[in-house]
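Let's take a walk through this protein together, with the sequence and the model side by side. We will begin with one charged residue and work outward from there.

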Amino acid sequence: MDRIDLLRVFIRVMETGNFSRAAGSLNLPRSSVSTAIQQLEARLGTRLFSRTTRLVSPTTDGKVFYERALQLVADIEDAESLFQQKHGSPRGILRVEMPGRIGRLIVAPALPAFLATYPEIDIQLGVTDRSVNLTEDGVDCALRVGMLADSSLISRHIADLQVVNVASPLYLKTYGVPHTPQDIPDHQVIRYASPATGRIEEWEWVHRGESKTCPVQGRVTVNSAEALIACCVAGSGLIQIPAYDVAAHLANGELVEVMTDWRPPPLPLTLLYPERRHRSSRLRVFVDWITKLIKKQI
């Protein structure tokens, strides 16, 4: 490895706190990561990590060098991007994470066009409803739905997702049609449990410009959007879901929107990426592409 690659390996070990995770995120054997750290320590003449069979922790010198390594790699990538922009050839691997439904319904079908436009960029696309740690998992950018916790990540608002109340014709025939949120306690709601916290989402609506919530009851609880929609189509209860998620089901009559005057507040869709990666030309072109794509689709 050249010196810049050694620095990149060092940064990944610092961020993941683990040789194996760093190796996985870099698509390298664990032995290569260990060797790279040894080579870098030999060049610098100091120990960067304290290592045991179970734990890797930075030394004082490692912590100091980490800040310099971040700046050095950022400067190199920034310099490289100048010529990539000039010749129109951003290159490299982008690791992207997003919710499963957005990835499957919106991004994956359009991805061939992006790859054709940028033939030297490879995409590693992760689709999950679980919130990943961008720094620890080596992710370049992630799409998040909903309100965000404070973080050191750079955020870019992409769109607001309209949310609808829906049920299947079978459910409405069996249990009747709810007309206002006051009817919700008399109905079955398919409960959604956050994959991250396990918290059951409450029923939401907006009245006179004010957001309101109430607890829900139901015999079915799920922790993924796919399961939520499938159970709703089957007739297990009411759900609240972003409109793009069920557009096809509404169009073919598998689902019906109810309480149209009592919709939940829209959900913000945000793109997040670590500050040190925002200057990458491959990330910039991907961010511009996915922003235009989602605004067109949502």
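Start at R8, which is partly exposed, with a relative accessible area of 26%. Keep in mind as you look that this is a predicted model. R8 forms a salt bridge with D5, and the closest N and O atoms of the pair are 3.3 Å apart. D5 is also partly exposed, at 31% relative accessibility. If you trace the backbone between these two partners, you will find that both lie in helix 1, which covers residues 3–16. They sit 3 residues apart, about one turn of the helix.

Stay in this helix for a moment and turn to L6, which is found in helix 1 as well. Is L6 buried or exposed? Its relative accessibility is 1%, so L6 counts as buried. Its surroundings can be listed by name: leaving aside neighbours within four places in sequence, L6 is in contact with M1, A36, Q39, L40 and R43. Another residue to locate from here is S34, which is 28 residues from L6 in sequence and 11 Å away in space, C-alpha to C-alpha.

S34 also leads us to the next stop, a meeting of two helices. The axes of helix 2 (residues 19–26) and helix 3 (residues 30–44) come within 8 Å and cross at roughly 110°. That angle makes helix 2 roughly perpendicular to helix 3. On the helix 2 side, the contact is made by F19, S20, A22 and A23, while helix 3 contributes R30, V33, S34 and I37. Sorted by character, the residues of this contact divide into 5 nonpolar, 2 polar and 1 charged.

Now back to charged pairs. How many salt bridges does the count come to? The count comes to 10 salt bridges, and the R8–D5 pair you have already seen is one that fits the rule, with its closest N and O atoms 3.3 Å apart. Another is formed by R199 and E201, where the closest N and O atoms are likewise listed at 3.3 Å apart. E201 is partly exposed, with a relative accessible area of 30%. Further along the chain, E257 forms a salt bridge with R263, with the closest N and O atoms 2.9 Å apart. Both partners can be placed on the accessibility scale: E257 is partly exposed at 23%, and R263 counts as partly exposed at 32%. Salt bridges that share partners also join R101, R104, E226 and D245 into one network.

Next, visit two loops. R130 has its place in the loop between strand 4 (121–127) and helix 6 (134–137). At 47% relative accessibility, R130 counts as partly exposed. Look across to T197 from here: R130 and T197 are 67 residues apart in sequence, and their C-alpha atoms are 9.8 Å apart in space.

The other loop runs between strand 7 (163–167) and helix 7 (169–175), and S168 lies in it. Although S168 is a loop residue, its relative accessible area is 1%, so S168 is buried. Not counting residues up to four places away in sequence, S168 touches C232, V233, G235, E254 and L255.

C232 brings up a question that a bench biochemist may well ask about cysteines. How many disulfides does a search of the whole structure find? The search finds 0 disulfides. Why does C231 not bond with C232, the closest cysteine by sulfur? Their sulfur atoms are 8.8 Å apart, which is too far for a bond, because a disulfide calls for a pair of cysteine sulfur atoms within 2.5 Å. C214 also has its closest cysteine sulfur in C232, but at 16 Å that sulfur is too far away for a bond. C214 itself counts as buried, at 15% relative accessibility.

Finally, step back and take in the whole molecule. The protein has 10 helices and 14 strands. Its C-alpha trace spans about 75 × 45 × 35 Å along the principal axes. Of its 298 residues, 43% count as buried, and L6 and S168 are among the buried residues you have met. Among contacts between residues at least 6 apart in sequence, 75% join residues at least 24 apart.

Definitions and conventions:
Residues are numbered from 1 along each chain as its sequence is written. This is a predicted model: local features need pLDDT of at least 70, side-chain atom pairs count only at pLDDT 80 or more; totals for chains, interfaces and linings use all residues. Side-chain values use heavy atoms; hydrogens and water are left out. Buried means under 20% relative accessible area, exposed over 50%, partly exposed in between (1.4 Å probe, protein chains only). A salt bridge is a side-chain nitrogen of Lys or Arg within 4 Å of a carboxyl oxygen of Asp or Glu. Helices (H or I, at least four residues) and strands (E, at least two) are DSSP runs, numbered from the N terminus. Axes are lines fitted to C-alpha atoms, for helices over the stretch in contact, and angles run from 0 to 180 degrees between N-to-C directions. Angles under 35 degrees count as roughly parallel, over 145 as roughly antiparallel, 65 to 115 as roughly perpendicular and the rest as oblique. Contact means heavy atoms within 4.5 Å. Ala, Val, Leu, Ile, Met, Phe, Trp, Tyr, Cys and Pro count as nonpolar, Asp, Glu, Lys and Arg as charged, and the others, Gly among them, as polar.
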